[in-house]
Amino acid sequence: MRLIAPALVTLAFAGMGSFAQAQTLKVTYDISLAGLPLGTADLSSSFNGSKYQMTGKAKLTGLAMVLTGGKGEAAASGSLAGATPRSANFEVVSKTSDNQRSVRMGLKEGRVANVEIDPPLEPRPDRVPVKPADKRGVVDPMSALLMPALASKNLTDPANCDRTIPVFDGASRMNVILTYAETKTVQVPGYSGPVLVCNARYVPISGHRSERPATKFMQENRDMSVWLAPVEGPRLLFPLKVSVRTMIGMGELHASLWSLEGEAKPSRRAVKAEEAIKAEASQ
């Protein structure tokens, strides 16, 4: 299960632009696996000038909560400049009924400056060593959810899908490669309009355990995608839906609530979804 959560989280990405007025984007996701509801995740992203701050909470519910006690909290901050966010700080705490692990990471100009993992990962003979070069030119997993539009393109131009996101989560380095698939029109509470559907690939670089069946499965996985919705103020795209085929079925995060508040755009009243995502091809 270790690769499932990072894959779901890491599948949507990048950032550019400068904007004068503060805005806050709040998104609630329903989490499911093999068609069964697992829980919810709440993300809040605030933008002020070129600076951003993100917080997130995820909690399993129902039987999944009873069996694992799973929940987690994460936060990230940095600035938007160019095609990729410049992470400054990242931290995540994940808890289950029998253990807890925290990761804290500081970055400067895309370079990892320090990392604290508590408790440390156990040494494994098949773990690929992380080289110093693997910690340069990277973005943390949470900041990777910010995907700035290309300077010369409008927000829903298909070219905004085509990018490689270099992610470092404190222990492992990976690339997430996105390519354009199609454009759809969607309707969820708080947002109605076009989204870019991007196919996704997971490419491990270092820090992963090369002999694990789950690692090999994800390397060959061709059934992953992310739906990106435009956010006008900061000129970026943000995931509305993420789908990842796992070894035990399809894992999905899909937005059930989308709220954009702030001076740059009139506030919208957020309403809880009665249905997940209604989509139809608009090409």
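How many residues does the hairpin that joins strand 5 to strand 6 pass through? In this predicted model, the hairpin between strand 5 and strand 6 runs through 4 residues. The two strands, of which strand 6 covers residues 100-108, are antiparallel and are joined by 7 bridges. Within this pairing, Ser94 faces Arg101 of strand 6.

Strand 5 also has a partner in strand 4. Strand 4, made up of residues 71-81, pairs with strand 5 in the antiparallel sense, and 11 bridges hold the pairing. Here Leu80 is found opposite Pro85 of strand 5. Strand 4 and strand 5 form a hairpin as well, with 2 residues between the strands, and Gly82 in this hairpin adopts a positive phi near 85°.

Val93 offers a helpful viewpoint on this part of the model. Val93 belongs to strand 5, which spans residues 84-95. Leaving aside residues up to four places away in sequence, Val93 is in contact with Lys71, Gly72 and Glu73, and also with Gln100, Arg101 and Ser102. The C-alpha atom of Val93 lies 9.4 Å from that of Ala75, although 18 residues separate the two along the chain.

One of the residues touched by Val93 is Lys71, itself a member of strand 4. The relative accessible area of Lys71 is 43%, so this residue is partly exposed. Apart from residues up to four places away in sequence, Lys71 touches Ala58 and Lys59, together with Val93, Ser94 and Lys95. Between Lys71 and Gly39 the C-alpha distance is 9.3 Å, with their positions 32 residues apart in sequence.

Attention now turns to the aromatic side chains. A pair of aromatic rings is described by the distance of the centres and the angle of the planes. Over the whole structure, the search yields 2 aromatic pairs. In one of them, Tyr191 and Trp258 are tilted, at 5.9 Å centre to centre and with 50° between the planes. Because Tyr191 is part of strand 11 (residues 191-206) and Trp258 part of strand 14 (residues 249-262), this pair ties together parts that lie 67 residues apart in sequence. Tyr191 has a relative accessibility of 8% and therefore counts as buried. Trp258 is buried too, at 2% relative accessibility.

Phe238 and Trp258 make an edge-to-face pair, because their planes meet at 70° and their ring centres are 6.4 Å apart. Phe238 is in strand 13 (residues 236-246) and Trp258 in strand 14, so parts 20 residues apart in sequence are tied together by this pair. With a relative accessibility of 0%, Phe238 also counts as buried. Through these ring pairs, Tyr191, Phe238 and Trp258 are linked into a cluster.

Which residues does Ser45 touch, not counting residues up to four places away in sequence? The contacts of Ser45 are Gln23, Thr24, Leu25, Gln53, Met54 and Phe238, so a member of the aromatic cluster is included. Ser45 itself is located in strand 2, which is formed by residues 36-48. Its relative accessibility is 1%, so Ser45 counts as buried.

An aromatic ring also features in a charge-over-ring arrangement. The charged end of Lys241 is placed over the ring of Trp227, at 4.5 Å from the ring centre.

Notes. Residues are numbered from 1 along each chain as its sequence is written. This is a predicted model: local features need pLDDT of at least 70, side-chain atom pairs count only at pLDDT 80 or more; totals for chains, interfaces and linings use all residues. Side-chain values use heavy atoms; hydrogens and water are left out. Contact means heavy atoms within 4.5 Å. Two strands pair if DSSP finds at least two bridges between them. Rings of Phe, Tyr and Trp (its six-membered ring) pair if their centres lie within 6.5 Å; planes under 30 degrees apart count as stacked, over 60 as edge-to-face and the rest as tilted. Buried means under 20% relative accessible area, exposed over 50%, partly exposed in between (1.4 Å probe, protein chains only). A charge sits over a ring if NZ of Lys or CZ of Arg is within 6 Å of the ring centre and within 35 degrees of the ring normal.
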